[in-house]
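Colleague: I would like to learn how the labels on a model like this are earned. Could you take me through a few of them?

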Amino acid sequence: MKLAVRDVSVTYGGTAPVALSQVSISLGEQEQVALIGPSGSGKSTLLSVLGVARIPSAGQLLLEDQDPWQLASAKLQGLRSQLHLCPQSTALPARQRVVVSVLSGLLPKRSLLFALRSLLSPARADVQLVRGLLTKLDMEQCLWRSVETLSGGQRQRVAIARAMAADVSTLLVDEPLSALDPTTAELCLGVLVEHAMERQQALVCSLHQIELARKCLKRIIGLRAGKIMFDLPATSVSDKMIEELYRGHEAEIQT
Ligand code: ADP
Ligand code: MG
């Protein structure tokens, strides 16, 4: 799906600083983009605007050249169902089994009956689908475990698998690697990027693993204090630009 924001600003009200300030970007239908920048720079806010989860205070979101917030609710839901937003700290239901948690990524496109049935006993084909995704993320052994028994890094991979299960045209994934060790982070970002490419999905992924972002994603958008500092092909992003982007926040860069 074609996605764009035009001059979007977001303020959270009160004395909060402006979270996004006149941000404009356009994303092609199958484009893959990394969103980087220090904490508080507006990455999560931008992802929530793109995910039709937050109305901009000013400016416009455009999905397929339409402003979803101007549409009747049925049409709005139709557009929303083309997007999967994976929030920064996904609150997975603790008692749920991993297989069910991953399958819930599919629920918006399935019937209520399917949703209820899969909570009780997932169909064999769906279990296979989840097993395949978990295997890629080195998590196959967790298929039948309940979420509450998993480590932070394992939960994060369940959230990644859930995004991969979603039958959508655009994935918006907020810091999916923050709890992962460098080797697992590289594996998981590679898997996510390849999966999206195979399914011709657009992908916007925020992260602090700068080297991985440069290696795995073709376009990088750098945000700082709610503004776009650069929006460039990964190969054009210099060390100096990264240094300036993270000035005063160097410790936040992850390897
Ligand atoms: P990032 O994801 O890059 O860390 P955020 O989008 O979370 O940045 O935050 C951008 C700015 O908006 C920060 O100054 C942050 O403190 C502020 N902010 C984020 N969420 C809220 C909120 N719910 N209420 C008030 N201010 C918020
Ligand atoms: Mg954030």
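Modeller: Happily; we will take the labels one by one and set each value against its definition.

Modeller: This is a predicted model, where local features need pLDDT of at least 70, side-chain atom pairs count only at pLDDT 80 or more, and totals for chains, interfaces and linings use all residues. Residues are numbered from 1 along each chain as its sequence is written, chains are lettered from A and ligands numbered from 1 in the order in which they are written, and side-chain values use heavy atoms, with hydrogens and water left out.

Colleague: How do you know that strand 1 and strand 2 pair?

Modeller: Two strands pair if DSSP finds at least two bridges between them. Strand 1 (residues 3-11) and strand 2 (residues 18-27) have six bridges and run antiparallel, so by that rule they pair. V8, for example, stands opposite V23 in strand 2. The strands themselves are DSSP runs (E, at least two residues), as are helices (H or I, at least four), and both are numbered from the N terminus.

Colleague: And what makes strand 4 a partner of strand 1?

Modeller: Five bridges join strand 1 to strand 4 (residues 58-63), again in the antiparallel sense. In strand 4, L62 is the bridge partner of A4.

Colleague: What makes S44 and Q88 donors to the magnesium ion (ligand 2)?

Modeller: Donors are N, O and S atoms within 2.8 Å of the metal (3.2 Å for Na, K and Ca). S44 (OG) and Q88 (OE1) coordinate the magnesium ion at 2.1 to 2.2 Å, so both fit the definition. The pair links distant parts of the chain, with S44 in helix 1 (residues 43-50) and Q88 in the loop between strand 5 (83-86) and helix 3 (98-103), 44 residues apart. Water is not among the atoms, so sites may look incomplete.

Colleague: Why is S44 called partly exposed?

Modeller: Buried means under 20% relative accessible area, exposed means over 50%, and partly exposed lies in between (1.4 Å probe, protein chains only). S44 has 29% relative accessibility, so it counts as partly exposed. Q88, at 37%, is partly exposed too.

Colleague: Why is helix 1 described as largely enclosed by the rest of the structure?

Modeller: Seven of its eight residues are buried, hence the description. Among the buried residues of helix 1 are K43, L46 and V49. Just after helix 1, V52 takes a positive phi of about 55 degrees.

Colleague: How do you know that E31 and R219 form a salt bridge?

Modeller: A salt bridge is a side-chain nitrogen of Lys or Arg within 4 Å of a carboxyl oxygen of Asp or Glu. For E31 and R219 the N to O distance is 3.0 Å, so the pair qualifies. E31 lies in the loop between strand 2 and strand 3 (32-36) and R219 in strand 8 (residues 219-224), so the pair ties together parts 188 residues apart in sequence. R219 is buried, at 12%, whereas E31 is partly exposed, at 26%. E31, R219 and D231 are linked in a network of salt bridges, and the whole structure holds eight salt bridges.

Colleague: Which residues form salt bridges with R214?

Modeller: E211 is one of them, at 2.9 Å, N to O. D239 is another, its closest N and O atoms also being 2.9 Å from R214's. R214 and E211 both lie in helix 8 (residues 210-216), three residues apart, about one turn of the helix. D239 lies in helix 9 (residues 239-245), 25 residues from R214.

Colleague: Is R214 buried or exposed?

Modeller: R214 counts as buried, because its relative accessibility is 18%. E211, at 53%, counts as exposed, and D239, at 52%, is exposed as well.
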